[in-house]
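Colleague: Mind walking me through this one? I'm new to this, so keep it simple.

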Amino acid sequence: MSISAAIRAILIADSTVLGLVGQKIYPGLIPDSYDMPAISFERDDDQRHQGLSGYLGGSEATYAVSCWSGDYDEAESVGDAVILALEDYSGTSASVAIQHIHIIDSDDEIHRAPANQPLTRYGRIVTIGVFIK
């Protein structure tokens, strides 16, 4: 399995995240017809551990986990739940041995409809680092 599948499995296994978004957790883009709130995530970077003699084993991947809602407070709540579910995680998820997940940062994003239409969605973007054994 992939790191993406492992992240999704960790989030779905968390009762708070599941209660807020159900199974609306998508790698890459959220489908056009989704209901909010929902979560999307994508890999930003993937670095393999290298030494002078070559690959040492293991890697660190950086992911952006985006928590979307039509309501600012709800997006914040989903973001808080994601942080609690992922911060300091270690173990095996979706057959991937994860050494450690840490939170790098978190920020807000607002998407507006074109031509000054009403706000379409609020986002809380949580950036994580995933260390693989």
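**Salt bridges, cores and a pocket**

Colleague: By the usual cut-off, how many salt bridges are there?
Modeller: Side chains of opposite charge can pair when their charged atoms come close. The rule here asks for a side-chain nitrogen of Lys or Arg within 4 Å of a carboxyl oxygen of Asp or Glu. By that rule, the count is two.

Colleague: And from which number are the residues counted?
Modeller: This is a predicted model, so local features need pLDDT of at least 70 and side-chain atom pairs count only at pLDDT 80 or more, while totals for chains, interfaces and linings use all residues. Side-chain values use heavy atoms, leaving out hydrogens and water, and along each chain, as its sequence is written, residues are numbered from 1.

Colleague: How many helices and strands does the protein have?
Modeller: Both are DSSP runs numbered from the N terminus: helices are H or I with at least four residues, strands are E with at least two. Along the sequence, the pattern reads α-α-β-β-β-α-β-β-β. That gives three helices and six strands.

Colleague: Which residues are linked in the network of salt bridges?
Modeller: R124 pairs with E76, their closest N and O atoms being 3.4 Å apart. That pair links strand β6 (residues 119-132) with helix α3 (residues 72-86), 48 residues apart. D80 and R124 also meet in a salt bridge, at 2.7 Å from N to O, and since D80 lies in α3 and R124 in β6, this pair ties together parts 44 residues apart in sequence. So the network links E76, D80 and R124.

Colleague: Is R124 buried or exposed?
Modeller: Buried means under 20% relative accessible area, exposed is over 50%, and partly exposed is in between, using a 1.4 Å probe and protein chains only. D80 is partly exposed at 40%. R124 comes in at 9%, so it counts as buried.

Colleague: Which residues have the most contacts inside the largest nonpolar core?
Modeller: A nonpolar core is a set of buried Ala, Val, Leu, Ile, Met, Phe, Trp, Tyr and Cys residues joined through side-chain atoms within 4.5 Å. Contact means heavy atoms within 4.5 Å. The largest core has 29 residues, and those with the most contacts inside it are L11, I39, V65, I98, I128 and V130.

Colleague: In β5, which residue is the bridge partner of S93?
Modeller: Two strands pair if DSSP finds at least two bridges between them. Strand β4 (residues 91-93) and β5 run antiparallel and are joined by three bridges. In their hairpin, which has two residues between the strands, A94 takes a positive phi near 50°. The β5 partner of S93 is V96.

Colleague: Which of the residues lining the largest pocket are the closest to its centre?
Modeller: On a 1 Å grid over the protein atoms alone, a pocket is an open set of points where a 1.4 Å probe fits, with protein on both sides within 12 Å along at least five of seven lines; lining residues have an atom within 4 Å of a point. The largest pocket has a volume of about 260 Å³, a volume being the space filled by probe spheres set on the points, which are joined across faces, edges and corners. Of the 14 lining residues, the closest to the centre are G28, L29, S40, W68 and R121.
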